[in-house]
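Here is a short tour of a protein model, written with a computational chemist in mind. Take a look at the sequence and the fold, then read on.

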Amino acid sequence: MPRLRPAIALAALGLIAGSPATISLADTPKGNPMTTTALAQPVADTIATYMPAGYREIARRPVTVDKEGAELVRYERTDGRNAALGGEHFSTVIANNGRLKGFARMDLDLVGGELPSREQAQAIAMSFLREAAPDLLPVLKISWVDPHDEPLRVIRNGHTENLTLTGMKVKMRNTADGLWMWVIVSADRKVMVFERDIHWITFPGKRGTEKWLHDAWLAEKGHSVRPS
C-alpha cells in the first residue's frame with residue numbers, strides 16, 4: 001500500500017476533558033478543558049486501526065470540502081469483491097492541513113449483528129474522539145444517539161443485492177463554531193463512519209458540506225474515484 005504523505009500523517013493538537021462515560025445526551029463534556037492536553041492519534045494510525053484486513057489503496061484525488069483543499073483516498077478489497085461505487089470500500093477524507101475530516105468503513109461483514117446500546121455507542125464514540133480528534137471533546141454537545149442505515153450494493157451468485165448496513169449514530173454539534181459531527185458505531189463495536197466539520201443549511205434544511213465519503217452522492221454528481 002502506498003505511504004501516506006508526511007503532510008497528512010499528523011492530526012491537530014487538541015484538548016480533552018472529563019470522562020466519556022459521564023457525558024449526558026444533552027450536555028457538553030464536564031470538567032476543565034485546560035487540565036489535560038493530548039496529541040491526536042496520527043491519521044495513519046487511525047487508518048490502520050479501522051481499515052478492514054485485505055484492503056488496498058485503489059485511488060486518491062484532490063477534492064474541495066467547504067472551499068478548502070483535501071484529499072479523498074479510496075481502498076477496496078484485494079480480491080475485487082463488490083468493487084464498484086455503492087459496494088465495499090474504506091474511504092478517507094484528509095484536509096490539506098493534516099486533519100482527518102472523516103472515514104467510512106463499508107464492509108459486507110458489518111451487515112447484521114446486534115447493535116450496541118445507546119450508552120455503549122456513546123462510550124465508544126467518546127473513546128474514539130479522545131484518540132483521533134481530542135480537540136472536539138471540550139466543545140461537543142450530543143444531539144441524539146439512534147440507529148442509522150447506510151446502503152450497500154453487493155453481488156451474490158451473479159445477482160445484485162441492495163443491502164442495509166446499520167450502525168448506532170452518535171450525532172453531535174460543535175458549540176464553538178456550530179458545525180456538526182458524528183460517529184457511527186457498527187455491530188462489531190468499532191467506528192464505521194466518522195465525519196466532522198459538517199456545515200448544515202437551515203433553510204431549506206440540507207447538508208451543505210460535500211459528501212465525498214458517500215457513494216450515492218458521488219454517483220449523483222458524476223464523480224469517479226477509480227483510476228481511468
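The report below goes through pockets, a cavity, a helix, the cores and a few individual residues.

## The largest pocket

A word on provenance before we start: this is a predicted model. Its largest pocket has a volume of about 290 Å³. The lining consists of 18 residues, and Glu150, Pro151, His214, Asp215 and Ala216 are the closest to the pocket centre.

Which elements build this lining? At least two residues each come from strand 6 (100-106), strand 7 (140-156), strand 8 (159-174) and helix 3 (215-220). Strand 7 gives the most, with four residues. By class, the lining of the largest pocket divides into nine nonpolar, five polar and four charged residues.

## The second largest pocket

The second largest pocket holds about 190 Å³ of space. Of its 13 lining residues, His148, Lys169, Trp182, Arg207 and His214 are the closest to the centre. His214 will be familiar, as it is also among the residues closest to the centre of the largest pocket.

Strand 7 appears again here: it supplies three residues, the largest share of the lining of the second largest pocket. Strand 7, strand 8, strand 9 (180-185) and strand 10 (191-198) each contribute at least two. The classes in this lining are five nonpolar, two polar and six charged.

## Enclosed space

How many cavities of 30 Å³ or more does a search of the whole structure find? There are two. The largest cavity contains about 90 Å³ of space. It is lined by 13 residues, with Val93, Lys101, Glu195, Arg207 and Glu210 nearest its centre.

Strand 6 and strand 10 are the elements that give two or more residues to the lining of the largest cavity, and strand 10 gives the most, with three. Sorted by class, this lining has five nonpolar, two polar and six charged residues.

## Helix 2 and the nonpolar cores

Helix 2 covers residues 118-132, 15 residues in total. The expected span at 1.5 Å a residue is 21 Å, and the end C-alpha atoms are 21 Å apart, so the two values agree. The buried residues of helix 2 are Ala121, Gln122, Ile124, Ala125, Met126, Phe128, Leu129 and Ala132. An α-helix has 3.6 residues a turn, so residues three or four places apart point the same way. The buried residues of helix 2 pack against helix 1 (43-50), strand 6, strand 7, strand 8, strand 9 and strand 10.

The largest nonpolar core has 32 residues, and Phe128, Leu129, Met172, Val183 and Phe194 touch the most other members. Helix 2 gives the most to this core, with seven residues. Beyond four places in sequence, phenylalanine 128 touches Thr46, Tyr50, Phe103, Ala133, Val183, Val191 and Phe194. A second, separate core of 24 residues includes Leu72, Leu152, Trp180 and Trp217.

## Two threonines

Threonine 92 is found in strand 5 (residues 89-95). Is threonine 92 buried or exposed? Its relative accessible area is 0%, under the 20% cut-off, so threonine 92 is buried. Setting aside neighbours within four places in sequence, its contacts are Ile47, Glu71, Leu72, Val73, Tyr75, Gly102, Phe103 and Leu213.

Threonine 160, in strand 8, has a relative accessible area of 52%; this is over 50%, so threonine 160 counts as exposed. With neighbours within four places left out, threonine 160 is in contact with Arg153, Val154 and Ile155. Threonine 160 and asparagine 82 are 78 residues apart in sequence, while their C-alpha atoms are 9.6 Å apart in space.

## Backbone points to check

Most residues other than glycine have a negative phi, and most peptide bonds are trans. Asparagine 82 has a positive phi, near 55°. This residue is found in the loop between strand 4 (68-77) and strand 5 and is buried, with a relative accessible area of 11%. Aspartate 197 also has a positive phi, of about 60°, although it is not a glycine. Aspartate 197 lies in strand 10 and counts as buried at 8% relative accessibility.

The peptide bond from phenylalanine 203 to proline 204 is cis, with omega near 20°. Proline 204 lies in the loop between strand 11 (200-201) and strand 12 (206-207).

Note on methods:
Residues are numbered from 1 along each chain as its sequence is written. This is a predicted model: local features need pLDDT of at least 70, side-chain atom pairs count only at pLDDT 80 or more; totals for chains, interfaces and linings use all residues. Side-chain values use heavy atoms; hydrogens and water are left out. On a 1 Å grid over the protein atoms alone, a cavity is a set of points where a 1.4 Å probe fits but cannot get out, and a pocket is an open set with protein on both sides within 12 Å along at least five of seven lines; lining residues have an atom within 4 Å of a point. Grid points are joined across faces, edges and corners, and a volume is the space filled by probe spheres set on the points. Ala, Val, Leu, Ile, Met, Phe, Trp, Tyr, Cys and Pro count as nonpolar, Asp, Glu, Lys and Arg as charged, and the others, Gly among them, as polar. Buried means under 20% relative accessible area, exposed over 50%, partly exposed in between (1.4 Å probe, protein chains only). Contact means heavy atoms within 4.5 Å. The expected span of a helix is 1.5 Å times one less than its number of residues. A nonpolar core is a set of buried Ala, Val, Leu, Ile, Met, Phe, Trp, Tyr and Cys residues joined through side-chain atoms within 4.5 Å.
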